[in-house]
Amino acid sequence: MTKASEPSEHEARLQALRDAKVVLVSACLLGEACRYDGRSQRSERVLAALEGKEVIPMCPETGAGLGIPRPPVDLSGGTGVDVWAGRARAVEREARMDRTEAFRLGARMALEAMQRFGATVALLKEKSPSCGSQRVYTDGVLRPGEGITAALLREHGLVVVSDEDL
Ligand code: SF4
């Protein structure tokens, strides 16, 4: 059980973000129109939280070569952790095309960028099959869990903060 004097996981994530000098950030939160529907998800709260920090903008999906706009993709059979364990996939919602390898590639690119620039904290967009870190759509239902990029970063000991944490 968590003692009253210990920070909550939420507060620990926020403190890690406050302490970080370099942060990898979902590019859509910075105003880049890289979402599947060709829009951005610019967040003033995110921009304010990053003031004075070095920022690594990253969109794992477009980084892996997926276009803008692109068909929406859902996780199928589990969350991002299950994808890395080989138990789940990333599948286009309508055409059912399997995009798992592109999503894995984008996640590896994010990990490599953090390692190259010495970043230990990522600030990612919630509910995305790549960037979600607390809730993701699995087989059409929003459930607790991580996207494919968030899961890989956490597996490597990196801190993932959600835009909804702010
Ligand atoms: S993959 Fe991540 S950065 Fe790219 S549009 Fe989706 S949520 Fe934003």
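Colleague: In which sense, left-handed or right-handed, does α5 cross α6?

Modeller: This is a predicted model, and in it α5 passes α6 in a right-handed crossing.

Colleague: Which residues make that contact?

Modeller: On the α5 side they are Phe103, Arg104, Gly106, Ala107, Arg108, Ala110, Leu111 and Met114. From α6 come Ile148, Thr149, Leu152 and Leu153.

Colleague: And what's the mix by class?

Modeller: Eight of the residues in the α5 and α6 contact are nonpolar, two are polar and two are charged.

Colleague: How are the two helices set against each other, in angle and distance?

Modeller: Helix α5 (residues 100-117) packs against helix α6 (residues 148-155) at about 40 degrees, and their axes are 8 Å apart. That angle makes α5 oblique to α6.

Colleague: OK, switching to the sheet. What's the strand order?

Modeller: It's an open sheet of four strands, running β2-β1-β5-β8, with parallel pairing.

Colleague: Which strands stand at the edges, and why?

Modeller: Those are β2 (54-58) and β8 (159-162). Each has a single partner strand, so one side of each has no neighbour in the sheet.

Colleague: How much does the sheet twist from one strand to the next?

Modeller: The average is 25 degrees.

Colleague: How many bridges link β1 and β2?

Modeller: Five, and strand β1 (residues 22-26) pairs with β2 in the parallel sense. For a pair to look at, find Val23, which sits opposite Val55 in β2.

Colleague: Which strands do α1 and α5 touch?

Modeller: Helix α1 (residues 9-19) packs on the sheet against β1, β5 and β8, and its direction is about 105 degrees from that of β8. α5 also packs on the sheet, touching β1, β2 and β5, and its direction makes about 160 degrees with that of β2.

Colleague: New topic: what about odd backbone spots?

Modeller: As background, most peptide bonds are trans, and most residues other than glycine have a negative phi. Here the bond from Ile68 to Pro69 is cis, with omega near -10 degrees. Pro69 lies in the loop between α3 (60-63) and β3 (73-76).

Colleague: And which residue between β5 and β6 has a positive phi?

Modeller: That's Lys127, with a phi of about 75 degrees, though it is not a glycine. Lys127 is in the loop between β5 (121-124) and β6 (135-138), and is partly exposed, at 32% relative accessible area.

Colleague: What about Asp139, where is it and what's its phi?

Modeller: Asp139 is in the loop between β6 and β7 (141-144). Its phi is positive, near 50 degrees. With 44% relative accessibility, Asp139 counts as partly exposed.

Note on methods
Residues are numbered from 1 along each chain as its sequence is written. This is a predicted model: local features need pLDDT of at least 70, side-chain atom pairs count only at pLDDT 80 or more; totals for chains, interfaces and linings use all residues. Side-chain values use heavy atoms; hydrogens and water are left out. Axes are lines fitted to C-alpha atoms, for helices over the stretch in contact, and angles run from 0 to 180 degrees between N-to-C directions. Angles under 35 degrees count as roughly parallel, over 145 as roughly antiparallel, 65 to 115 as roughly perpendicular and the rest as oblique. A crossing is left-handed if the near helix is turned anticlockwise from the far one by less than a right angle, and right-handed if clockwise. Contact means heavy atoms within 4.5 Å. Ala, Val, Leu, Ile, Met, Phe, Trp, Tyr, Cys and Pro count as nonpolar, Asp, Glu, Lys and Arg as charged, and the others, Gly among them, as polar. Buried means under 20% relative accessible area, exposed over 50%, partly exposed in between (1.4 Å probe, protein chains only). Two strands pair if DSSP finds at least two bridges between them.
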